[in-house]
Amino acid sequence: MEKNKYYRLIPKVDIILADKTIANLIECEGRELVMDAIRSCTENLRTLIEASDSEEEITKAINELPLSIEKEVKSASKANMVSAINATGTILHTNLGRAPISKVHAKALVDIVSGYCNLEYNLDAGKRGERYSHFEKLLCKLTGAEAAMAVNNNASAVLLALSSVCKDTEVIVSRGELVEIGGKFRVPDVMEQSGATLVEVGTTNKTHLSDYEEKISEATGALLKVHTSNYRIVGFTESVPVAELCELAHSKDIPLIEDIGSGVLVDLSEYGLSYEPTVIDSIKAGADLVCFSGDKLLGGPQAGIIVGKKKYIDMLKKNQLTRALRIDKFTAAALELVFLEYLNPDTVAKNIPVLSMISQKPEEIKNRAVSLKRALAKKDIKAKLSIIECESQIGGGSLPLERLSSFALAIVPKKFSIFETEKKMRALKRPIIPRVFDDMIVMDLRCIQKDDIKDIAEMMGDIL
Ligand SMILES: *Cc1c(COP(=O)(O)O)cnc(C)c1O
């Protein structure tokens, strides 16, 4: 095949630029993006001519060049991060953004972040204020702590606490608590980064108070307790309760720091889960600093929250690292809104999406599954639909053994394979992420809002 003929058919840039589609594109999207697309699309064309033996294919590609350029520009100028539908039933799905913020809070945030706000401005005094002031008092009231602050995430909270309070000293941790959390948060590594030296005590399954006691010396800067959020050691086990560790630490004039992982502020057993230690418990037990995540069971924005004794929080606030790890106005505002909800125990489970998803009755979830099935059945689809019982998870490394009874819509597509269907679901304008098992697409309705059902039926109808 004479390829040179085809290479010569690739239009020159000035010819391409004269095309009406392309001229319009430049007007809307700017010259730079369009020029980039022209370069990459003509390059693709050259590669195709070199590789292909089909005249028909090559001619088609040449004719469709303006179209390919348009597609390329559109995809380059479109945001890649989109709203998605979580049909996995895992509530704190880290890959899907962990805790969602309520629509009411999101609306309030729009006003704050789209203009100016009093982030670091004290409106009473008319002078500079502190970004933690908006929620510090509130958080102290909710947890019983003397002082509070927040940084970007819990990993940085622990790093900051150790680096501010324990730099160049030894920190004692039980061997049963040297955890790794997803995304490479490892207690020994964070310790090293902070400038503190890790001293391990006890064994994987059992650590006694005397183990800590024997290792305390002049060099000890703190005792650290880490909540084993994402795994459980069961059987012949023993760990030392916070209260006993606090008593020991204080008798030696050193602080006890606790990384509690999920920042639970309510009794989860009221929602049918097993009891998860709360921040309030730790403060009551005497912990000097307690670190926890904002976007796990607390149900807020990504943040690392630190509460405790004023003496230590002040040390953290003065640390240079705080400047590097500080929260932005979005997080500060969202945290305040979330903590305000916790003031009313009667409405908190309704107003914080994570708690509302945890506390839903299986019957309510089943109702939504039935609605979705009905809405989909009305479309002309080629698939078998059924409602099945399933189990949801908390996720995000919290309460790993807990399973919540739930309901799902199971779909067996007839036109496409499960693999193809799932791929199409991921390619939707608003992607749907389901679970796949027993050769079915399984959509757990726990994390799907009632308002989204119509939308989902519409999109799934198009696919199937
Ligand atoms: C999740 C978790 C972390 C990390 O928190 P991020 O907010 O994800 O940085 C640290 N420690 C414990 C015990 C955790 O459970």
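The paragraphs below lead through a predicted model of one protein chain, from its overall make-up to its sheets, cores, pocket and two loop residues.

It helps to begin with the whole chain, whose C-alpha trace spans about 90 × 50 × 50 Å along its principal axes. The secondary structure comes to 21 helices and 18 strands, and of the 464 residues in the chain, 48% are buried. Among the contacts between residues at least 6 apart in sequence, 73% join residues at least 24 apart.

We can now turn to a sheet of seven strands, which is open, has mixed pairing and follows the order S5-S13-S12-S11-S10-S6-S9. Its edges are formed by strand S5 (147–151) and strand S9 (197–201), each of which pairs on one side only, and neighbouring strands are turned by 25° against each other on average, direction ignored. Starting from the S5 edge, S5 and strand S13 (residues 304–308) run antiparallel and are joined by five bridges; within this pairing, Met-149 has Ile-306 in S13 as its bridge partner. Further along the order, strand S11 (residues 256–262) and S12 also pair over five bridges, but in the parallel sense, and here Glu-258 has Val-290 in S12 as its bridge partner.

Is strand S12 largely enclosed or open to the outside? Five of the five residues of S12 (residues 289–293) are buried, so this strand is largely enclosed by the rest of the structure. In a regular strand the side chains alternate between the two faces of the sheet. In S12 both faces are covered, with Leu-289, Cys-291 and Ser-293 buried on one side and Val-290 and Phe-292 buried on the other.

Helices also belong to this picture. Helix H8 (residues 133–143) packs on the seven-stranded sheet, where it touches S5 and S13, and its direction makes about 115° with that of S5. Helix H9 lies across S5, strand S6 (170–174), S11, S12 and S13, and runs at about 160° to S12.

This leads to the nonpolar interior, where the largest core has 92 residues, and those with the most contacts inside it are Leu-223, Ile-305, Ile-306, Val-307, Phe-339 and Tyr-342. Helix H9 (residues 154–165) gives the largest share of this core, seven residues. To see what surrounds one member of the core, the reader may look at Ile-305, which, when residues up to four places away in sequence are not counted, touches residues including Leu-139, Met-149, Ala-157, Val-290, Phe-292 and Phe-339. Apart from the largest core lies another one, of 27 residues, among them Ala-87, Phe-407, Leu-409 and Ile-463.

A further open sheet is formed by five strands in the order S2-S14-S15-S18-S17, again with mixed pairing. The edge strands, each pairing on one side only, are strand S2 (90–92) and strand S17 (435–437), and the twist from one strand to the next averages 40°. At the S17 edge, S17 and strand S18 (residues 440–444) pair in the antiparallel sense over three bridges, and Val-436 stands opposite Ile-441 in S18. Two helices lie across strands of this sheet: helix H19 (residues 362–377) crosses strand S14 (383–395), strand S15 (404–413) and S18, running at about 15° to S15, while helix H20 (residues 418–426) lies across S15, S17 and S18 and runs at about 40° to S18.

The next feature to find is the largest pocket, which holds about 1,600 Å³ of space. It is lined by 46 residues, of which Pro-100, Ile-101, Lys-103, Pro-353 and Gln-449 lie nearest its centre. Several elements give two or more residues to this lining, including strand S1 (85–86), helix H7 (103–113), helix H16 (329–342) and H19, but the largest share, four residues, comes from H18.

Finally, two loop residues deserve a careful look at their backbone. Arg-98, found in the loop between S2 and H7, has a positive phi of about 55° although it is not a glycine. Asp-253, in the loop between helix H12 (242–251) and S11, is likewise not a glycine and has a positive phi of about 65°. Asp-253 has a relative accessible area of 71%, and because that is over 50%, this residue counts as exposed.

How values were computed:
Residues are numbered from 1 along each chain as its sequence is written. This is a predicted model: local features need pLDDT of at least 70, side-chain atom pairs count only at pLDDT 80 or more; totals for chains, interfaces and linings use all residues. Side-chain values use heavy atoms; hydrogens and water are left out. Two strands pair if DSSP finds at least two bridges between them. Axes are lines fitted to C-alpha atoms, for helices over the stretch in contact, and angles run from 0 to 180 degrees between N-to-C directions. Contact means heavy atoms within 4.5 Å. A nonpolar core is a set of buried Ala, Val, Leu, Ile, Met, Phe, Trp, Tyr and Cys residues joined through side-chain atoms within 4.5 Å. Buried means under 20% relative accessible area, exposed over 50%, partly exposed in between (1.4 Å probe, protein chains only). On a 1 Å grid over the protein atoms alone, a cavity is a set of points where a 1.4 Å probe fits but cannot get out, and a pocket is an open set with protein on both sides within 12 Å along at least five of seven lines; lining residues have an atom within 4 Å of a point. Grid points are joined across faces, edges and corners, and a volume is the space filled by probe spheres set on the points.
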